[in-house]
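Work through the following exercises with the coordinates open. Each task is followed by its solution in steps.

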Amino acid sequence: MIGFALLGCGRIGRVHARNIHAHPGAALAACYDVAGPAAAAVAAELGVPQAHSIEEALANPRVQAVLIASSTDTHVDLIARSARAGKAVLCEKPVDLDIARVDACWQAIAALRPLVMLGFNRRFDPSFRALRDRLAAGEIGRLEQVVITSRDPAPPPAEYVAGSGGLFRDMTIHDLDMARYLAGEITEVQAMGANLIDPAIRAAGDIDAAMLVLRAASGALVHINNSRRCAYGYDQRIEAFGAAGMLQAHNQHPTTVESWGQARTRAMDPVQDFFIARYADAYRAELDHFIGCVATGAAPLAGFAEGREALRLADAALESMASGRAVRLS
Ligand SMILES: NC(=O)c1ccc[n+]([C@@H]2O[C@H](COP(=O)([O-])OP(=O)(O)OC[C@H]3O[C@@H](n4cnc5c(N)ncnc54)[C@H](O)[C@@H]3O)[C@@H](O)[C@H]2O)c1
């Protein structure tokens, strides 16, 4: 039984709290949030202890692993403190918004050889994982192209955008990690962004739509398309195209019922509304994978280095958008 401390009990923290509580190999030994009522709500819902400081959570002898689901600007500090306390860490993406802080964090803890996994949940989505495994098994031959579509249902509030690090570091970072997961190391990034949706996002200095083209060391090309608004829900699709065929993972719907009539055929429910519903299975599988790594000492599918690489690609996308040129990565 792996004892967890949960640091951060907001939107995604509550998802993880319920998954830890429900997992037969895990127990939520402490939950903490700087906003006391957020932690108190999780403690009351699940009947688990609330910690009143990070020190208290990390000193708890039942705690072997820490799940960091607090605001992004706290991640590097909490990773370092947890690693120094000898805990395994599952930290939400991104590691940080500043690659220098990411590197400083790793330098400070590398000698401890900590187990740090990044919450790139899409790697654990059953459909995306199956697509990747079948690609790796050679089902479509040599990979030539990947198309990743990732569109949010509605723009976030302006105050969220202001602290998000921008679309590439906040949203595209998942797709950049998926690009590496499917196509391997990326050597070139070209990005264009636009303000097509929400004037408040432009006012905050960010973009709300983007298209990126990446080149992998293998020669494969990857196209990522992002939007902060999508009229039909949370649009999450992947297509891998190879010499011998194509693998596609489609959107998911609450039910598979189709309506056929005079006006339209094959009409289905809207696609899943957002990440909590769409990736419910992925968050559970991600946690299960992490628990297996803690139990066996195996390296996680997405470690600290994956978090760093995805951020490096997001920074390259920003540079490309600003310069209008492709950015080559060493
Ligand atoms: N992988 C995913 O699908 C996914 C989805 C959503 C959010 N996230 C990431 O998870 C993190 C949290 O996002 P959210 O949407 O849940 O935000 P949120 O604002 O709903 O929750 C964050 C919580 O962290 C708390 N907090 C802030 N500083 C803290 C500290 N030092 N110690 C403990 N708690 C602290 C806040 O009080 C708040 O309750 C972000 O880094 C975000 O990028 C990942």
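**Exercise 1.** Locate Arg-266 in the chain, and state whether Arg-266 is buried or exposed.

Solution. Arg-266 sits in the loop between strand 12 (258-259) and strand 13 (267-268). Strands here are DSSP runs of E with at least two residues, helices are runs of H or I with at least four residues, and both are numbered from the N terminus. This is a predicted model, in which local features need pLDDT of at least 70 and side-chain atom pairs count only at pLDDT 80 or more, while totals for chains, interfaces and linings use all residues. Residues are numbered from 1 along each chain as its sequence is written. Next, take the backbone: phi of Arg-266 is positive, about 60°, although the residue is not a glycine. Finally, count neighbours: Arg-266 counts as exposed because it has 7 C-beta neighbours inside 10 Å. The cut-offs are 20 or more other C-beta atoms within 10 Å for buried, 12 or fewer for exposed, and partly exposed in between, with C-beta atoms placed from the backbone.

**Exercise 2.** Describe the loop between helix 5 and strand 5 at Arg-113 and Pro-114.

Solution. Start with Arg-113, a residue of this loop whose phi is near 45°, a positive value in a residue other than glycine. Arg-113 counts as exposed because 8 C-beta neighbours lie inside 10 Å. Pro-114 is in the loop between helix 5 and strand 5 as well, but Pro-114 is buried because 20 other C-beta atoms lie within 10 Å. Then list contacts, meaning C-beta atoms, placed from the backbone, within 7 Å of each other. Beyond its neighbours within four places in sequence, Pro-114 touches Ala-83, Val-89 and Ile-109. Another proline, Pro-94, lies in the loop between strand 4 (88-92) and helix 5; the peptide bond from Lys-93 to Pro-94 is cis, with omega near -20°.

**Exercise 3.** Compare the span of helix 12 with the expected value, and find what its buried residues pack against.

Solution. Helix 12 (residues 304-323) has 20 residues. The expected span is 1.5 Å times one less than the number of residues, here 28 Å, and the helix reaches 29 Å from its first C-alpha to its last. Its buried residues include Phe-304, Glu-306, Leu-311 and Met-321. Their packing partners are helix 5, strand 5 (116-119), helix 8 (167-183), strand 7 (186-194), strand 8 (209-216) and strand 14 (327-328). Just after helix 12, Gly-324 takes a positive phi of about 75°.

**Exercise 4.** Characterise the two domains and their contact.

Solution. The assignment gives domain 1 (2-114) and domain 2 (123-276 + 304-328); such bounds come from an automatic or database domain assignment. Their C-alpha centres lie 27 Å apart. The contact takes nine residues from domain 1 and eleven residues from domain 2. On the side of domain 1 that touches domain 2, helix 5 (residues 99-109) gives the most, with three residues.

**Exercise 5.** Which residues are closest to the ligand?

Solution. The closest are Gly-8, Gly-10, Arg-11, Ser-70 and Glu-92, out of 22 residues that surround the ligand. A residue is near the ligand if its C-beta atom, placed from the backbone, lies within 6 Å of it. Helix 1 (residues 11-22) supplies the largest share of this shell, three residues.
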